[in-house]
Amino acid sequence: MGKKLKAAVIFIILLLADQLTKLWAVKVLKPIGSIPVIRNVLEIYYVENRGAAFGIMQNKQWFFLIITLAVLAGLIWISGKIPEERHFTPLKICLYFVGAGAVGNMIDRIFRKYVVDFVYFSLINFPVFNVADIYVTVAAVMLVILILFFYQEEDFDRIFPKKTKEGRR
């Protein structure tokens with residue numbers, strides 16, 4: 001299987017996992033509201049989120065769509081610059097997770113006009129979130145760790161070559 005095909009398969013699997021969990025939440029959880037997993041700590045709790053975390057920017061769907069499209073364009077551009085070497089696989093996987101999370105929530109915003117959220121840490125009253133949010137958050141943390149502790153400046157020079165005075169790379 002070619003590397004681009006593997007990337008597409010990974011992306012589709014991640015996206016399907018997100019969308020299937022949201023479909024479950026709409027079909028099963030919405031009618032009952034919530035399911036306690038660990039009482040007063042963790043609940044599966046149905047929410048139709050028309051904004052961002054902590055309820056900010058309610059009903060600004062066009063803004064979120066534009067930002068998502070810009071992020072996706074950036075991810076595609078960066079992904080095309082990353083060398084096809086095993087060393088850069090963790091970086092590419094992080095990009096797939098961010099992309100799948102962004103597209104998963106974008107699908108909700110386009111077709112439902114809200115994002116389906118359903119994981120709630122009631123112990124700390126954390127905003128209700130979903131699988132796509134987990135993808136983006138975990139990938140962002142992993143990217144920070146990779147950038148700080150794994151990849152070296154030479155690796156980034158290979159991804160983003162510096163221009164010489166003559167304008168050539």
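This is a short guided tour of a predicted model, with suggestions for what to select at each stop.

**Stop 1: the whole chain**

Begin with everything shown as a cartoon. The chain has five helices and three strands. Colour it from the N terminus onward and you can follow the elements in the order α-β-β-α-α-β-α-α. Taken along the principal axes, the C-alpha atoms fill a box of roughly 65 × 35 × 35 Å. Of the 169 residues, 37% count as buried. If you take the contacts between residues at least 6 apart in sequence, 65% of them join residues at least 24 apart.

**Stop 2: helices H1 and H3**

Now select residues 3-32, which are helix H1, and residues 89-111, which are helix H3. How far apart are the axes of H1 and H3? They are 9 Å apart, and the two helices pack at an angle of about 40°. H1 and H3 are therefore oblique to each other. As you turn the view, look for the right-handed crossing in which H1 passes H3.

Show the side chains where these helices meet. On the H1 side, pick Ala7, Ile10, Phe11, Leu14, Leu15, Asp18, Gln19 and Lys22. On the H3 side, pick Tyr96, Phe97, Gly99, Ala100, Val103, Gly104, Asn105, Ile107 and Asp108. Coloured by class, this contact shows 10 nonpolar, four polar and three charged residues.

**Stop 3: helices H2 and H3**

Keep H3 on screen, hide H1, and add helix H2, residues 61-81. The axes of H2 and H3 come within 10 Å and cross at roughly 155°. Why are H2 and H3 described as roughly antiparallel to each other? Angles over 145 degrees count as roughly antiparallel, and the crossing of H2 and H3 is at roughly 155°. H2 passes H3 in a left-handed crossing, whereas H1 passes H3 in a right-handed one.

For the side chains, select Gln61, Phe64, Leu65, Thr68, Leu69, Val71, Leu72, Leu75, Ile78 and Ser79 in H2. They meet Lys92, Leu95, Val98, Gly99, Ala102, Val103, Met106, Arg109 and Ile110 in H3. By class, the contact of H2 with H3 has 13 nonpolar, four polar and two charged residues. Two residues of H3 to pause on are Gly99 and Val103: they are among those meeting H2, and they are also among those in the contact with H1.

**Stop 4: the loop between H2 and H3**

Select Glu84, which is found in the loop between H2 and H3. Is Glu84 buried or partly exposed? Its relative accessibility is 44%, so Glu84 counts as partly exposed. Leaving aside neighbours within four places in sequence, Glu84 is in contact with Lys3 and Lys92. Draw a line between the side chains of Glu84 and Lys92 to see a polar contact of 2.9 Å. Then turn to Lys3: Glu84 and Lys3 are 81 residues apart along the chain, and their C-alpha atoms are separated by 8.1 Å.

**Stop 5: Asn130 and its partners**

Next, centre on Asn130, in the loop between strand S3 (115-121) and helix H4 (131-150). Asn130 counts as buried because its relative accessibility is 0%. Which residues does Asn130 touch, not counting those up to four places away in sequence? They are Asp18, Lys22, Asn105, Val115, Val116, Asp117 and Phe118.

Two side-chain links are worth drawing here. One is a polar contact of 3.1 Å between Asn130 and Asn105. The other joins Asn130 to Asp117, with a polar contact of 2.7 Å.

**Stop 6: across Asp117 to Asn49**

Stay on Asp117 and follow its side chain to that of Asn49, with a polar contact of 3.0 Å. Asn49 lies in strand S2, residues 42-49. At 14% relative accessibility, Asn49 counts as buried. Besides Asp117, Asn49 is in contact with Gln58, Tyr114 and Val115, leaving aside neighbours within four places in sequence.

**Stop 7: a last look at H4**

Finish by selecting Ile134 in helix H4. With 35% relative accessibility, Ile134 counts as partly exposed. Add Ala25 and compare the C-alpha atoms: the two residues are 109 apart along the chain, with a separation of 16 Å.

Definitions and conventions
Residues numbered from 1 in each chain as written. Predicted model: local features only at pLDDT ≥ 70, side-chain atom pairs only at ≥ 80, totals over all residues. Heavy atoms only, no water. Axes fitted to C-alpha atoms, helices over the stretch in contact; angles between N-to-C directions. Helix = DSSP H or I, 4+ residues; strand = E, 2+ residues; numbered from the N terminus. Parallel < 35°, antiparallel > 145°, perpendicular 65-115°, else oblique. Left-handed = near helix turned anticlockwise from the far one by under 90°. Contact = heavy atoms within 4.5 Å. Nonpolar A, V, L, I, M, F, W, Y, C, P; charged D, E, K, R; others polar. Buried < 20%, exposed > 50% of the residue type's maximum accessible area, 1.4 Å probe, protein only. Polar contact = N/O pair within 3.5 Å; in protein donor to acceptor, adjacent residues only side chain to side chain.
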